[in-house]
Amino acid sequence: MRDDLSHLPPASPDDIRAMLARAGIGLSEEHMQQFIATWPQFEAMVRRIPRGLGYADEPAHIFRPSRLAGD
Amino acid sequence: MDIAFLTIAELSRAYDQRELSPVEVTRALLGRIARHDGKLDSFVRVTEDVALAEAKAAEAELMAGRRRGPLHGIPYGLKDIVETAGIPTTGHSKLRQHHVPKEDAEIVRRLKEGGGILMGKLATWEFANGGPSFDLPWPSARNPWDRERLPGGSSSGPGAAVAAGFVPAAIGTDTGGSIRGPAALCGIAGLKPTYGRVSRRGVFPNTFTMDHIGPMTRSAEDIALILQVIAGFDPADPGSEECPVPDYAAALGQGVSGLRLGLVEGWHDAPGAHPDLGPAIADAVSELERLGATIEPVELSSLRDYTDCKTTISIAELYTIHEHDLRTRPEDFGRILRNRILPGALIRAGDYQAALRWRTALAREQQVAFKTFDALITAASRNIADPAEPDRPDRLVTAPSITMPFSVSGVPAIAIPCGFSKAEGMPLSLQIAAAHFQETTVLRLAHAYQQATDWHRRHPELGE
């Protein structure tokens, strides 16, 4: 079975408001309602990401000092 | 000779033979834009003065026998996130509607050096992401095959303008399919080169790790001609790769005999695709087999997996790009872009890192496939162009994408037309991808297919 977070319960509208507030985002009520309708689909995507990769499975993101040395 | 639909290769030959001149072609296309773009809105800004000045300069040089290369005297358009010195570059957004860059993007510098003629700045989904939107300072571009439909995005203007015969070429950008999608839906060719093949410097970012810049034209041959001019290392772009640039046009004539192709199972043929797509792809596969390629099925991770991975990475990066404006003036974004940026505020570092690590695994999966196959084949869009209706659900979250797998891996992928839907008469499209820096293989296959078919020679009627 895949190791992901899709078993977690979806965030409630109050959760979403609180998360946005913690991120420092203030929205009008109209925009907040639009986002509350949107977030669950993104949340489902994020939670389907597999979490069980080994330590040697590094991010695609690569830091290359040689590029900085050329500056 | 219909100037509007001549390819770059044909225009160059006509210049060489003194049958046409750059000024004559530029004036003809400016006239066509003036007559028809009011119905398509593919341009945010037509740069008529610049175009005529560059056309006169090109004409003088060509008449004097000084040919700079394959783009000399060729008109083109730029998606309006590509910076142009002294010419507004808006991102199709209220937030940058008065932004006038001081410098050209690196790709613009190369196009100018190649003698290209800038016809104008083309429509985009807001900042190459939020669209199709109907609440921005400029209208959404429309599809020349049916003005009640959209051209796809985010390179909506480039797709519409090339298909409409306004320009033979345009520069688009592709993070998750923004070149290939509009190319597919407008019935033209569009190439997402290998990540790092074309400099991103001076192009407003959509993400930091997945943005690609590439050509959109009416033939694979023209893609090769533009790529020759714009490809190459740029030390000022941290993502740029120092890798030799081959002769792309020379590779076109090599044919496809002996090439091994993998037809990806479960992507173009998954439920939800347009009913005419499967037969169109099957016909294209048969044509490539007839030309000498061998084709076998191959299984990769699902479109859902690739889409989840790509979207998580891209919205996290998108948020960091727009965070300041989102905090200070959220009302100035269009609805769709605002609702695509905001999720990035709620993505945790662990989510982002998990997606980046998964990206490595998914890219390796394709690397393994490319040890067996010279190229992978699928569709470039699972559906025809959507109707232009403001309240349709956001496709980014409602359906997995068939272009994102090659965005995740960063390999070169081209979209070329392979038929039309029976009921609607809208373009269908084939997607061909190859290993990193194997643009020659992609172009060779696409060109051979276009030599044997005429889908790319069909053009929309714009009326009077």
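This is a short tour of a predicted two-chain model, stop by stop.

**Stop 1: chain A**

Select chain A. Its elements are 3 helices and 0 strands. Read from the N terminus, they run α-α-α. Of the 71 residues in chain A, 15% are buried.

**Stop 2: where chain A meets chain B**

Keep chain A selected and show chain B. The contact takes in 27 residues of chain A and 31 residues of chain B. Which elements of chain A give two or more residues to this side? Select helix 1 (13-22) and helix 2 (29-47) of chain A: these are the ones. Helix 2 of chain A supplies the largest share, 9 residues. Now colour the chain A side by residue class. You will find 15 nonpolar, 7 polar and 5 charged residues.

**Stop 3: the sheet of chain B**

Hide chain A and show the strands of chain B. An open sheet of 11 strands appears, with mixed pairing. The strand order is 1-3-2-4-6-5-10-11-9-7-8. Select strand 1 (43-46) and strand 8 (294-298) of chain B to mark the edges. Each of these two pairs on one side only. Step from strand to strand across the sheet. Neighbours are turned by 30 degrees against each other on average, with direction ignored.

Next, select helix 7 (residues 220-230) of chain B, which packs on the sheet. Helix 7 of chain B touches strand 4 (169-174), strand 5 (189-192), strand 6 (212-217) and strand 10 of chain B. The direction of helix 7 makes about 135 degrees with that of strand 6 of chain B.

**Stop 4: strand 5 and its partners**

Zoom to strand 5 of chain B. In a regular strand the side chains alternate between the two faces of the sheet. Here A189(B) and L191(B) point one way, while G190(B) and K192(B) point the other way. All four are buried.

Strand 5 of chain B pairs with strand 6 of chain B through 2 bridges, in antiparallel fashion. To see this pairing, select A189(B) and look across to T217(B) in strand 6, which stands opposite. Strand 5 of chain B also pairs with strand 10 of chain B, again antiparallel, over 3 bridges. Here select L191(B), with I414(B) of strand 10 opposite.

Carry on to strand 10 (residues 413-420) of chain B and its pairing with strand 11 (residues 427-433) of chain B. These two run antiparallel and are joined by 7 bridges. Pick G419(B), and you will find L428(B) of strand 11 opposite.

**Stop 5: helix 16 of chain B**

Select residues 439-452 of chain B, which form helix 16. At 1.5 Å a residue, its 14 residues should span 20 Å. Check the ends: their C-alpha atoms are 20 Å apart, which agrees.

Is helix 16 of chain B largely enclosed or open? It is largely enclosed by the rest of the structure, because 12 of its 14 residues are buried. The buried residues include E439(B), R444(B), H447(B) and Q450(B). Also among them are V442(B), L443(B), L445(B) and Y449(B).

Now add helix 9 (residues 277-290) of chain B. Two packed helices are described by the angle between their axes and the distance between the axes. For helix 9 and helix 16 of chain B, the angle is about 100 degrees and the axes are 10 Å apart. The two helices are therefore roughly perpendicular to each other. Show side chains at the contact. Helix 9 of chain B contributes A284(B), E287(B) and L288(B), and helix 16 of chain B contributes L445(B), Y449(B) and A452(B). By class, that makes 5 nonpolar, no polar and 1 charged residues.

**Stop 6: two loop residues**

Finish with two loops of chain B. First select S154(B), in the loop between strand 3 (117-122) and helix 5 (156-163) of chain B. Is S154(B) buried or exposed? S154(B) is buried, because it has 31 C-beta neighbours inside 10 Å and the cut-off for buried is 20 or more. Leaving aside neighbours within four places in sequence, the contacts of S154(B) are T124(B), W125(B), A128(B), N129(B), G131(B) and S178(B). Add G130(B) too: it is 24 residues from S154(B) in sequence, and 7.8 Å away in space, C-alpha to C-alpha.

Then select P244(B), in the loop between helix 7 and helix 8 (248-252) of chain B. P244(B) has 8 other C-beta atoms within 10 Å, so it counts as exposed. Last, add F233(B). It lies 11 residues from P244(B) in sequence and 8.4 Å away in space, C-alpha to C-alpha.

Conventions
Residues numbered from 1 in each chain as written. Chains lettered and ligands numbered in written order. Predicted model: local features only at pLDDT ≥ 70, side-chain atom pairs only at ≥ 80, totals over all residues. Contact = placed C-beta atoms within 7 Å. Nonpolar A, V, L, I, M, F, W, Y, C, P; charged D, E, K, R; others polar. Expected span 1.5 Å × (residues − 1). Axes fitted to C-alpha atoms, helices over the stretch in contact; angles between N-to-C directions. Parallel < 35°, antiparallel > 145°, perpendicular 65-115°, else oblique. Pairing = 2+ DSSP bridges.
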